[in-house]
There are 2 protein chains.
Amino acid sequence: MSSAPRYVEIADYLRDLIAQADPGERLPSDAELCERFGVSRMTARQAVMTLANEHLLERKRGSGTFVSSRRIPRALGSPLSFSVSTRMRGMVPSSRVLRAGPVALAEDAAAALGIAITSPAILLERLRLADAVPMAVEHAVIPADDAGLLDEDLTFGSLHAAFERTGRIPTRALAEVGARTATKRERDLLELPAQGIVLTEVRTIFDQNGAPLEHTSTFYAAERYVFSAVLYRDEGQTQ
Amino acid sequence: MSSAPRYVEIADYLRDLIAQADPGERLPSDAELCERFGVSRMTARQAVMTLANEHLLERKRGSGTFVSSRRIPRALGSPLSFSVSTRMRGMVPSSRVLRAGPVALAEDAAAALGIAITSPAILLERLRLADAVPMAVEHAVIPADDAGLLDEDLTFGSLHAAFERTGRIPTRALAEVGARTATKRERDLLELPAQGIVLTEVRTIFDQNGAPLEHTSTFYAAERYVFSAVLYRDEGQTQ
DNA sequence: ATCTCTAATATGTCTATACATTTGCTCATT
DNA sequence: AATGAGCAAATGTATAGACATATTAGAGAT
């Protein structure tokens, strides 16, 4: 049944250990993993190196393998999804659908999605809340072929999860973050004062094959929301 | 002499190929690399997987190894440095030093740098320009031990490069991005109108040993500046 | 008690091989 | 000409070892 490779199984075991451990704590050596799982060292090593590349643990030659001194969110960079990043902050995400239906494509959205401006498309506009406080207005445009997704309950679920159930996995995103004064409608929805500011995020998301999935503009209440990110200078990952 | 591992040599060879190749172009198979370099397949594979993890190439089981369809800047995430990111946008970065000297530590800066609030520290405040247009006011705080760096010419150079010359390599950064209305001083320096908006970035940078290097707050003219980033969902890197 | 050297341990690199799984092409059959 | 079977090639997973190099703890000598 379980057709997962052995090294994935070992990596999951290590993830559990890391989740319960303190930073700097020692993890099993390669040899211990070999014995415990009955695998060769190269297999154990593949599991450990996977997590090392995610910066979840650090290997010190001659010394051992240790839980990374500062715990890092699993997905580097920035949130690919409001739902996930909100939960990571310890809050409960929810949504209110403002609009859902056919829409005429704007020029930038058509270009980003790589389809003709005359192509049918669906707009899903949602108010995103964290612990019931309005945080952002989100404007997602998807090609009409994927309209079936709208049947799902998107009040609590995420569009990403819905995409994944159809076998298209959000893999890469191009994002631009800026700021501007809020429009009247945004002030009303986000409960902002006059002169209120929104953080703007324009994002195009691609699936595992590099095909565009969605083009999303999100406008966050700047007084209640900041992006946080962990950045690495990523070069050779060994030594 | 050359004590570099074989797989690094092979990876460098592939980097050259990729630099000259078009996206989607086919790269040598594992078997070809084995023959060319006289190594076993696991060694060739280690070289290829290194670049696959950097998203420079893609492996397709049963098919082959290909130059990544969209070329990605090597450093993921976001700019670690204004100088570098400005050059990446095809503009010429420069700076005007506004203030440089001892400063009393603020609470958040002391906490971020992991030093006592009474510790001596140096403030370097600069106006950052791109093609001579003012883009941001940057407020960098570094522990006083590193004050020697200020002798360098920071008008065109970057603080990062100066750090690297002392053997401390900026490796990891925690960043938070938000927005607020500009102060009077910021409006003057950045040539913003009344009600002008600044994008705020608060960043702590760590060296290769995890020791804090600097704590920087940067305030960008929102009407002229956006952050752009390429984000990956980084999980198991195989399959 | 302190210092030094050694041995054990841990990770880094590498070999040679085996089988599994996916993809794409060739060739024979229909 | 279209279809399908089969084969070759490519990557994925895994083994069982070997030697290199860095670290640390401990034994032994001073």
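In this predicted model, a base nitrogen of DNA strand C lies 2.8 Å from an N or O atom in the side chain of A:Arg41, a polar contact (a pair of N or O atoms within 3.5 Å; within protein, one must be able to donate a hydrogen and the other to accept it, and residues adjacent in sequence count only if both atoms are side-chain atoms). Phosphate oxygens of strand C are also contacted: one is 2.9 Å from a polar backbone atom of A:Asp30, and one is 3.0 Å from a side-chain N or O atom of B:Tyr7.

Around DNA strand C there are 25 residues, with A:Arg59, A:Thr65, B:Arg6, B:Thr43 and B:Arg61 the closest; a residue is near a strand if one of its heavy atoms lies within 4 Å of it. Sugar and phosphate make up 67% of the strand C atoms within 4 Å of the protein. H3(B) supplies the largest share of this surface, 4 residues, where helices are DSSP runs (H or I, at least four residues) numbered from the N terminus.

Turning to DNA strand D, 27 residues surround it, the closest being A:Arg6, A:Thr43, A:Arg61, B:Arg59 and B:Thr65. Here sugar and phosphate account for 66% of the strand D atoms within 4 Å of the protein. A polar side-chain atom of B:Thr65 sits 2.6 Å from a phosphate oxygen of strand D, and a backbone N or O atom of B:Asp30 lies 2.9 Å from one. H3(A) gives the most to this surface, with 4 residues.

Residues are numbered from 1 along each chain as written, and chains are lettered from A in the order written. Local features need pLDDT of at least 70, side-chain atom pairs count only at pLDDT 80 or more, totals for chains, interfaces and linings use all residues, and side-chain values use heavy atoms, without hydrogens and water.

Notes: Helices (H or I, at least four residues) and strands (E, at least two) are DSSP runs, numbered from the N terminus.
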